[in-house]
Amino acid sequence: MMTACKPDPINNEGDDNNDTIQEEEPIVKKYLVKQLLNDDPEKIMLSIDWNEDCSQIRNVKYSMGYGSTANYDFTYYNNDSIRIDISILDEFPNWTPYYNVLIIHLNNSHNIDKIYCYANNTLIDIERYIYDNEGKLLHRIYWDDMYKDDFQWNGENVVKSNINGVEYSYELTDYFHPHYMIPFYMSDQIFETGGRPLFTPLWKNMIKDNCIYEIDQDKYITKKIYKDNTTDTVRLFYSYYYTTSNK
């Protein structure tokens, strides 16, 4: 029987001069609700249903913008564990999930501690997540401990990583990454994609790429455009839509 329960315990100066008070610049918090391919409502790449104050994700629909769409239903248990039920929405699916149920156990900081991965009521894998003292993700260990993703941080951004044995380094913009306010880094668990990240909240700032960005007044990306290098015509683009918290 699959259950969600409380995880095991984890072992892991002010200025008195009030003459001048400098208020911090307010932080704009927007939460991604939709990413579309070519702004086509039928070509959903990511659709996120949040609760009212955007503290919990209730449902996610994920795709590459073509063909099948994976559906993720989130059920929360006492703020220390989450059940995710995975299904494929297309009538004739081209995709197959590795697992159909994930049980996420959270640590005392409400980050992912472990993910128990089930297929047809059978436990197949346990993913483990390791953080530094500031709660930044350092390692994700998965697939029977055979694979490990490593992340090197500079401030609020990952600047280097090693994923599936491939090393990456990143150059960043001043724009907000659309996934920045999403709480969890986790795989999409779809066999045909090789297990891409469902979300990538590893950067506050957007990763520079061979594309053109359109941003709003708050520096949140609204469109990411890829052009053909030879003809300068638009090859494809991603559009991003946000909501704000009702806190």
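This is a short talk on the strands, loops and pockets of one predicted protein model.

Okay, let's start with the overall picture. The chain has 247 residues, and 42% of them count as buried. What is it built from, helices or strands? Strands: there are 19 of them in the protein chain, and zero helices. On the outside, the chain exposes about 14600 Å², with carbon and sulfur atoms supplying 44% of that area.

Now have a look at strand S1, which covers residues 30-37. S1 is largely enclosed by the rest of the structure, because six of its eight residues are buried. On one hand, S1 pairs with S19, residues 234-244, in the antiparallel sense, and seven bridges hold that pairing. If you want to find it on screen, go to lysine 30, whose bridge partner in S19 is threonine 244. Then step along to tyrosine 31, and you'll see that its partner in S19 is threonine 243. So that's the start of the chain's S1 meeting S19, with the two strands antiparallel.

S1 also pairs with S2, residues 44-50. That pairing is antiparallel as well, with three bridges, and in it lysine 34 stands opposite serine 47 of S2. S1 and S2 form a hairpin with six residues between the strands, and in that hairpin asparagine 38 takes a positive phi near 55 degrees.

Let's go back to S19 and its pairing with S18. S18 runs over residues 221-227 and pairs with S19 in the antiparallel sense, over five bridges. Here tyrosine 226 is the residue opposite leucine 236 in S19. The hairpin of S18 and S19 has six residues between the strands, and aspartate 232 there has a positive phi, near 65 degrees.

While we're on backbone angles, here are two loop residues. Asparagine 79 isn't a glycine, yet its phi is positive, near 60 degrees. You'll find asparagine 79 in the loop between S4, residues 70-77, and S5, residues 81-88. With a relative accessibility of 49%, asparagine 79 counts as partly exposed, because exposed would need over 50%. The other one is lysine 219, with a positive phi of about 70 degrees, and that's not a glycine either. Lysine 219 sits in the loop between S17, residues 212-215, and S18. At 41% relative accessibility, lysine 219 is partly exposed.

On to the pockets. The largest pocket has a volume of about 1100 Å³. Which of its 40 lining residues are closest to its centre? They are His179, Arg196, Pro197, Thr200 and Trp203. The lining as a whole splits into 23 nonpolar, eleven polar and six charged residues.

The second largest pocket comes in at about 900 Å³. This one is lined by 32 residues, and the closest to its centre are His110, Asn111, Ile182, Pro183 and Phe184. Its lining is made up of 20 nonpolar, seven polar and five charged residues.

Last topic: cysteines. How many disulfides does a search of the whole structure find? Zero. Two cysteines to look at are cysteine 54 and cysteine 117. Cysteine 54 has 6% relative accessibility, so it counts as buried, the cut-off being under 20%. Cysteine 117 is buried too, with a relative accessible area of 0%.

That's the tour, so over to you for comments.

Conventions. Residues numbered from 1 in each chain as written. Predicted model: local features only at pLDDT ≥ 70, side-chain atom pairs only at ≥ 80, totals over all residues. Heavy atoms only, no water. Disulfide = S-S within 2.5 Å. Buried < 20%, exposed > 50% of the residue type's maximum accessible area, 1.4 Å probe, protein only. Helix = DSSP H or I, 4+ residues; strand = E, 2+ residues; numbered from the N terminus. Areas by Shrake-Rupley, 256 points an atom, 1.4 Å probe, with all protein chains shown as cover. 1 Å grid on protein atoms, 1.4 Å probe; cavity = no way out; pocket = protein on both sides within 12 Å on 5 of 7 lines; lining within 4 Å. Points joined across faces, edges and corners; volume = space filled by probe spheres on them. Nonpolar A, V, L, I, M, F, W, Y, C, P; charged D, E, K, R; others polar. Pairing = 2+ DSSP bridges.
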